[in-house]
Amino acid sequence: MIRLATLAWLLCLTAFFAVGGAAEFYVDPVHGDANNEGSALKPWQSLQSVFDKGRVESRQWEKLPYKDGAPLVPKNPGAPVRAGDTIYLRSGDYGALEIRGYYNPDFITIAAEKDHTPKFTKILIRSGARWKLQGLHVTPASDGSPKAGTLIDLESHGFHGPVHDIVVENCRAESVRDSSGWTIQDWNMRAWNGIQVDGKNMTIRGCTFRNVDFGISVTASDSLIERNSVENFAGDGLRGLGDNTTFQYNTVKNCYDVNQNHDDGFQSWSRGADGRVGRGEVRGIVLRGNTIINFEDPQQPFRGALQGIGCFDGMFVDWVVENNVVVTDHYHGITLSGARNCRIVNNTVLDRREGRPGPPWIRIGNHKSGTPSSGCIVRNNLTTALSVGKGVTADHNLIVKDPNAFFVEIATYDLRLKGGCEAIDAGNPELAPSQDVAETPRPQGERVDVGAYEYLPGTSP
C-alpha cells in the first residue's frame, strides 16, 4: 500500500510540473488534424491555423496605431501555447507563415522536430517579440513565379508596432536549391532576398542563405549576426545599418554581377534626421572574423568585381574591424569613408586576380562631404594596398607583393601563414584581438602576428 501511495504521489507531482512548466506541442501537415489537441500523438495540421485560431497566449498593444509607451494587454488569454513553450514541426509543406502582433513575455520556440524538415515558402514576423525559429527550411514555390520579396522578414511596422528580441538559428533559406543554370534574367526575377532584420536585440545565428539577391540585411540595433553563410548572391552579402550590432564569423562567397547594384560583401551607410544618405552616424558596429570571397570557381558565370567591406557614407563611429579575411578583385578591400574613433586591426586582404580593378586596399578616408576622419587606427593588417589620410594612425601593416611568400595555399583559400614568413611576430600587441579568425589565442609566439591568422608553431598544413 505504501508503494502504491508513493507511486500515486509521484504521478501527481509529475503531472503538476508538466502543467506548470514549459509545454511541448506538435504540428504535422501530413498526419495532423486541425481539431487535435497538439500533442505528439495528436498533432495539429497547420502552424498558421494555430495563430489564426487564437491558440497562442501572448500580449498585444492596447490599441492601434502603435504609439511609443503604449501598454501591452493580454492576447488570447487561456490559450494552450504560452511563454516558454515549444512548438515542434514535423516534415511537410507549411506554406507561408505570418506572425503578427504577438509580444511574448518570454520566448516561444518554433523548431523542427529532430530528423524532420519543415518547409515554408516564406516567413514574416511583423510587430512582435521573443520568438525563436530553429531548424526551418524556407524556399519559395517552384512554379516559376517572379521574385516576390524576402524569404524571412522580421519587420517593424509603423501601424502595428516594432519587432524585437527574435532569434533565428540553424535555418536554411534559398531561392532555389541549384542556380547553376540561371540566366541573368533568372537572377533578376527569381532570386529572393535572404533575410531582413528590423528592430532591436535580434540574433541570426548558424543560418545558410543560398542563391539569393541580398543575403542578410540588418537595420536592427544592438543585435548579433554570427556564424551564418551567404553563398551565391547578386546584391550585397551583408548589410549593417543599425547601431551596436556585431557581425562575426560569417562567410560570404560567390557574387553574381547581373545588374547595376554595386555589390559588397558588407555594406553600411548612415542617414540623417531628414532621411538623406550620408547625413548621420552609424555607431558601434563590430566586424569580426568574417570571410568574404568574391568567387571560388574561376569559371563561375557572371563574375564581377566585388567590393569587400564597403562603407562610403559615414560618419562611422566607434567601429571595430578585426580578423576579417577579404579576397576580392576590387579597389575596396576594406573602406570606411568618414570615420571617427574606429580601428581596423589584424585583417587579411588579398587580390583575387591580377589587373584592374585592384589591388584591393585597406582605406580610411574623408567623408564625401570633405569632413576628415579622426582618431582612427589601422594596425597589424596584411593587405595588397594601403590608403590612409590625416587623422589615422597606421603601423605594423605589411603589403603583400608575393602571396606565395605568406600563405599556405592560395588556390584553396588556405590563408594561414607559412612558417618563416615576415608576418610572424611582426605585430603590435596594443589593441590586437585576443584570438584570430580561427579563434586561436594570440599570441602564439613572442608577439602577435600580422594578418587575420596567428601562426601555430610546430604545425604543418
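# Reading the terms in a predicted model

Q: How many residues has the largest nonpolar core, and which of them have the most contacts inside it?
A: In this predicted model, the largest nonpolar core has 72 residues. Those with the most contacts inside it are Leu 47, Trp 131, Leu 154, Val 168 and Trp 319. A second core, separate from that one, has 18 residues, including Leu 350, Phe 407, Ala 423 and Val 450.

Q: What does Trp 319 touch, not counting residues up to four places away in sequence?
A: Among the residues it touches are Phe 266, Ser 268, Val 282, Cys 311, Leu 336 and Cys 342. To be called a contact, heavy atoms must lie within 4.5 Å. Trp 319 also belongs to an aromatic cluster, together with Phe 247, Phe 266 and Phe 316. The whole structure holds 15 aromatic pairs.

Q: What makes strand 22 and strand 26 a pair, and in which sense do they run?
A: Two strands pair if there are at least two bridges between them. Strand 22 (residues 264-269) and strand 26 have five, and they pair in the parallel sense. One of the matches is Ser 268 with its bridge partner Cys 311 in strand 26.

Q: How many bridges join strand 26 to strand 30?
A: Three bridges join strand 26 to strand 30 (residues 332-337), and these two strands also run parallel. With at least two needed, the three count as a pairing. Ile 309 stands opposite Ile 334 in strand 30.

Q: Why is strand 26 called mostly covered?
A: Seven of its seven residues are buried. Buried means a relative accessible area under 20%, so each of the seven residues falls below that value.

Q: What is the strand order of the open sheet of three strands, and which strands stand at its edges?
A: The order is 23-27-31, with parallel pairing. Strand 23 (282-283) and strand 31 (339-340) stand at the edges, where each has a single partner strand, so one side of each has no neighbour in the sheet. Two bridges join strand 23 to strand 27, which meets the requirement of at least two. Val 282 stands opposite Phe 316 in strand 27.

Q: Why is Asn 170 called exposed?
A: Exposed means over 50% relative accessible area. Asn 170 has 52%, so it counts as exposed. Asn 170 lies in the loop between strand 11 (164-169) and strand 12 (172-174). Its phi is near 55 degrees, a positive value in a residue other than glycine.

Q: Is Asn 211 buried or exposed, and how do you know?
A: Its relative accessibility is 0%, under the 20% limit, so Asn 211 is buried. Phi of Asn 211 is near 55 degrees, again positive in a residue other than glycine. Asn 211 is in strand 15 (residues 208-212).

Q: Is Asn 347 buried or exposed?
A: Asn 347 sits in the loop between strand 32 (343-345) and strand 33 (348-351). At 0% relative accessibility, under the limit of 20%, it is buried. Leaving aside neighbours within four places in sequence, it is in contact with residues including Val 321, Glu 322, Ile 334, Asn 380, Leu 382 and Gly 451.

Q: What makes the approach of the Asn 347 side chain to Val 321 a polar contact?
A: A polar atom of the Asn 347 side chain lies 3.0 Å from the backbone oxygen of Val 321. The limit for a polar contact is 3.5 Å, so a distance of 3.0 Å is within it.

Q: How do you know that the charged end of Arg 303 is within reach of the ring of Phe 295?
A: The charged end of Arg 303 is 4.2 Å from the ring centre and sits over the ring. The distance limit for this is 6 Å. The charged end of Arg 363 likewise sits over the ring of Trp 361, 5.3 Å from its centre.

Q: What kind of peptide bond joins Gly 314 and Met 315?
A: The bond is cis, with omega about 25 degrees. Met 315 is in the loop between strand 26 (307-313) and strand 27 (316-317). The bond from Arg 442 to Pro 443 is cis too, with omega near -10 degrees. Pro 443 is found in the segment after strand 41 (414-417).

Definitions and conventions. Residues are numbered from 1 along each chain as its sequence is written. This is a predicted model: local features need pLDDT of at least 70, side-chain atom pairs count only at pLDDT 80 or more; totals for chains, interfaces and linings use all residues. Side-chain values use heavy atoms; hydrogens and water are left out. Helices (H or I, at least four residues) and strands (E, at least two) are DSSP runs, numbered from the N terminus. Buried means under 20% relative accessible area, exposed over 50%, partly exposed in between (1.4 Å probe, protein chains only). A nonpolar core is a set of buried Ala, Val, Leu, Ile, Met, Phe, Trp, Tyr and Cys residues joined through side-chain atoms within 4.5 Å. Rings of Phe, Tyr and Trp (its six-membered ring) pair if their centres lie within 6.5 Å; planes under 30 degrees apart count as stacked, over 60 as edge-to-face and the rest as tilted. A charge sits over a ring if NZ of Lys or CZ of Arg is within 6 Å of the ring centre and within 35 degrees of the ring normal. A polar contact is a pair of N or O atoms within 3.5 Å; within protein, one must be able to donate a hydrogen and the other to accept it, and residues adjacent in sequence count only if both atoms are side-chain atoms.
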